[in-house]
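This report describes a protein model with bound metal ions. Please consult the sequence and coordinates shown below while reading.

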Amino acid sequence: MSHDAWIQFRRDLHKIPELGFEEYETQRYLMRKLHEFGLLPEPIAKTGVKAVLDTRRPGPTLAFRADMDGLAVEEQNKVDYASTHPGKMHACGHDFHMACLLGLADTLTQQKENLCGKVVFFFQPAEEALCGSRDVIESGALSDPKPDAIIGLHVWDLPLGTIGLKAGPLMAAPAFFELTVTGVGGHGAEPFKCKNPISVASQIVSSFDTLANSLTHPTKPLVISVCSLNAGNASNVIPDTATLRGTIRTFDDELMPQALSLLATNAERIASAFGCHTEFTTKHYHGTVYNHPVLAEWARKTLDGEFKLVEPTPSMIGEDFSSYSQVAPSLFLWLGASPCKLHDPKNNPDERAISYGVAALTRLAEDKLLRKE
Ligand SMILES: [Zn+2]
Ligand SMILES: [Zn+2]
């Protein structure tokens, strides 16, 4: 099978984006293709898929992962393979990742006789915000066979033909928080009879930069962003409550619980000084995407020359691929597919990247699994 077929996989999948744990049509499509390649796929983690290429010869087990979900975004691209599901779109390139993994499964299955060991191809649901990687691990899909290494990739705004490869932390651990300040509302003309939660919320927000600076050394980044502030709906009424939502990002998994706890106590301290109180809730699903140094060095040696390798600046964007480093040493690559504006309704990365993705994953698999005799 060739480049054109792989692009067709991507376009077929691009037409049918589904949200996390709703990827039934996507699951059926992937199962059908894997069957056509001669594999025996099985559903995992509700809407995921796993297929194992077992050469029945001793050797290592490599696992390759693609994520499956689209986003609640209305596509603005005018292409004949645009989303047919209103309000949903593959705006994060997960259609590319699935196409790359199908291309790899096809390529390796065709040369099964030249390989040893096992390859696990797994398609993970619900990467966006729901941490489907945890469900894949809990389903036991990665315990038999147990992989010696887990490899994944993500399209990225790097030039075509480039692969972003870096040992150590690559993508940040994200946490999300919601903070509600409750005061006492009343007439806008009589703030002295009220406890204005908006004034208090704004003081809390302005304390975040100081908090971030006090928590960590300047060389260890910590981001605290307030992304939503909701309170009141009239210009002469002080509301009872103000709610703010935001996100914290860091590459230091030990720092995250400290940051969340300090945020909560600091907010309550400020609020109580003005007669208000706070409720603080957080969601913290997964840690930092960490590339095992031995795997990163192996990938560098294996891919260098055939691909233009760059060592990218790590991103504060999170990826639940991070969970897999609890199962086995893991490696996450960034696949150059510029222009690539993740989560944008006009995102339509360069499809030629799929060939590079399949080629890079195939090179890595062959290096470990080609029969030596
Ligand atoms: Zn995304
Ligand atoms: Zn993504």
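## Cis peptides and loops

Pro 145 is placed in the loop between helix 4 and strand 5; helices (H or I, at least four residues) and strands (E, at least two) are DSSP runs, numbered from the N terminus. The peptide bond that joins Asp 144 and Pro 145 is cis, with omega about -5 degrees. A cis bond also leads from Ser 338 to Pro 339, where omega is near 0 degrees; Pro 339 is found in the loop between strand 16 and helix 8 (353–369).

The structure is a predicted model, in which local features need pLDDT of at least 70 and side-chain atom pairs count only at pLDDT 80 or more, whereas totals for chains, interfaces and linings use all residues. Residues are numbered from 1 along each chain as its sequence is written, chains are lettered from A and ligands numbered from 1 in the order in which they are written, and side-chain values use heavy atoms, with hydrogens and water left out.

Two residues other than glycine with positive phi are listed here. Buried means under 20% relative accessible area, exposed over 50%, and partly exposed in between (1.4 Å probe, protein chains only).

| Residue | Phi | Loop | Relative accessibility |
|---|---|---|---|
| Lys 46 | near 70 degrees | between strand 1 and strand 2 (48–54) | 51%, exposed |
| Arg 56 | near 60 degrees | between strand 2 and strand 3 (61–67) | 72%, exposed |

## Zinc site

The zinc ion (ligand 2) has as protein donors Cys 92 (SG), His 94 (NE2) and His 154 (NE2), at 2.1 to 2.4 Å. Donors are N, O and S atoms within 2.8 Å of the metal (3.2 Å for Na, K and Ca); water is not among the atoms, so sites may look incomplete. Along the chain, the donors of ligand 2 follow the spacing C-x1-H-x59-H. His 94 lies in helix 3 (residues 94–110) and His 154 in strand 5 (residues 149–156), so the pair ties together parts that are 60 residues apart in sequence. Both histidines are buried: the relative accessible area is 0% for His 94 and 3% for His 154. Cys 92 coordinates both the zinc ion (ligand 2) and the zinc ion (ligand 1), which are 3.3 Å apart.

## Sheet and packing

An open sheet of mixed pairing is formed by eight strands in the order 1-2-4-3-5-16-6-15; two strands pair if DSSP finds at least two bridges between them. Its edges are strand 1 (42–44) and strand 15 (308–310), each of which pairs on one side only. Strand 6 (residues 162–164) runs parallel to strand 15 and is joined to it by three bridges. Ile 163 has Leu 309 as its bridge partner in strand 15. Helix 7 (residues 293–303) packs on the sheet, touching strand 5, strand 6, strand 15 and strand 16 (330–336). Contact means heavy atoms within 4.5 Å.

## A buried serine

Ser 133 is found in helix 4 (residues 132–138) and is buried at 0% relative accessibility. Its side chain reaches the backbone oxygen of Asp 320 at 2.8 Å. The side chains of Ser 133 and Ser 323 are joined by a polar contact of 2.7 Å. A polar contact is a pair of N or O atoms within 3.5 Å; within protein, one must be able to donate a hydrogen and the other to accept it, and residues adjacent in sequence count only if both atoms are side-chain atoms.

Notes: Axes fitted to C-alpha atoms, helices over the stretch in contact; angles between N-to-C directions.
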